[in-house]
Amino acid sequence: MIFRVTTGPDGAPSWWLYGAHVELLAWAGRRYVSLEFARTEASAFRLAALRVRYEIYPHPDGGWAWRAIEPVDNYMAYSGTSFVHQAEARRAARHVRRGVSHSTGL
């Protein structure tokens with residue numbers, strides 16, 4: 001897994017997490033005021049990924065997605081895509097949870 005901290009198509013900074021085959025696994029779900037702040041938030045997710053709660057929810061565009069939530073209900077990360085089945089979203093969340101602490105790119 002590799003983090004990419006850059007500006008998005010709208011010119012605003014954020015972070016994205018990609019897998020080995022360049023598939024989008026997760027993203028911040030928000031834009032930040034600077035690249036440095038986006039990098040700090042990506043690093044915080046990497047450090048907290050094992051202890052935060054992962055919630056599976058119905059995606060607004062259909063299917064299922066996951067989001068990582070800190071104890072104070074702060075959404076840290078969202079799945080990079082939606083999934084047809086709830087079990088697929090659950091597996092994807094487990095994959096990110098287990099692997100993100102070994103990610104590179106920050």
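**Entry 1: the helices on the sheet**

I began with helix H1 in this predicted model. I found that H1 lies across E1, E2, E4, E5 and E6, and its direction is at about 160 degrees to that of E1. Next I checked H2, which also packs on the sheet. H2 touches E2, E3, E4 and E5, and I noted an angle of about 35 degrees between the directions of H2 and E5.

**Entry 2: the sheet itself**

In what order do the strands stand in the sheet? I read E1-E2-E3-E6-E5-E4, an open sheet of 6 strands with antiparallel pairing. E1 and E4 are at the edges with a single partner strand each, so one side of each has no neighbour in the sheet. From one strand to the next, I noted an average twist of 25 degrees.

I then looked at where E3 meets E6. The two pair in the antiparallel sense over 2 bridges. Here I could also pick out Ala26, which stands opposite Ser79 in E6.

**Entry 3: the core**

Which residues touch the most other members of the largest nonpolar core? My list reads Trp15, Phe45, Tyr54 and Trp66, out of 26 residues in that core. Then I asked which elements give two or more residues to this core. I wrote down strands E1 (2-7), E2 (13-18), E3 (24-27), E4 (53-58), E5 (64-69) and E6 (75-79), together with helices H1 (35-48) and H2 (86-99). A friendly reminder to myself: nonpolar side chains tend to be buried together in soluble globular proteins.

**Entry 4: one residue, Ala48**

I found Ala48 in helix H1. Is Ala48 buried or exposed? Its relative accessibility is 1%, and the cut-off for buried is under 20%, so Ala48 counts as buried. I also compared its place with that of Val84: the two are 36 residues apart in sequence, and their C-alpha atoms are 27 Å apart in space.

**Entry 5: the whole chain**

How many helices and strands does the protein chain have? I counted 2 helices and 6 strands, and along the sequence they follow the pattern β-β-β-α-β-β-β-α. The radius of gyration is 13 Å, close to the 13 Å that the globule rule gives for 106 residues, so the chain is as compact as a globular protein of that length. The C-alpha trace spans about 35 × 30 × 30 Å along its principal axes.

Of the 106 residues, 40% are buried. Last, I noted an accessible surface of about 6000 Å², with 53% of it belonging to carbon and sulfur atoms.

Definitions and conventions
Residues are numbered from 1 along each chain as its sequence is written. This is a predicted model: local features need pLDDT of at least 70, side-chain atom pairs count only at pLDDT 80 or more; totals for chains, interfaces and linings use all residues. Side-chain values use heavy atoms; hydrogens and water are left out. A nonpolar core is a set of buried Ala, Val, Leu, Ile, Met, Phe, Trp, Tyr and Cys residues joined through side-chain atoms within 4.5 Å. Buried means under 20% relative accessible area, exposed over 50%, partly exposed in between (1.4 Å probe, protein chains only). Helices (H or I, at least four residues) and strands (E, at least two) are DSSP runs, numbered from the N terminus. Two strands pair if DSSP finds at least two bridges between them. Axes are lines fitted to C-alpha atoms, for helices over the stretch in contact, and angles run from 0 to 180 degrees between N-to-C directions. Contact means heavy atoms within 4.5 Å. The radius of gyration is taken over C-alpha atoms; the globule rule is 2.2 Å times the number of residues to the power 0.38. Accessible areas come from the Shrake-Rupley method with a 1.4 Å probe; for residues, only the protein chains shown count as cover.
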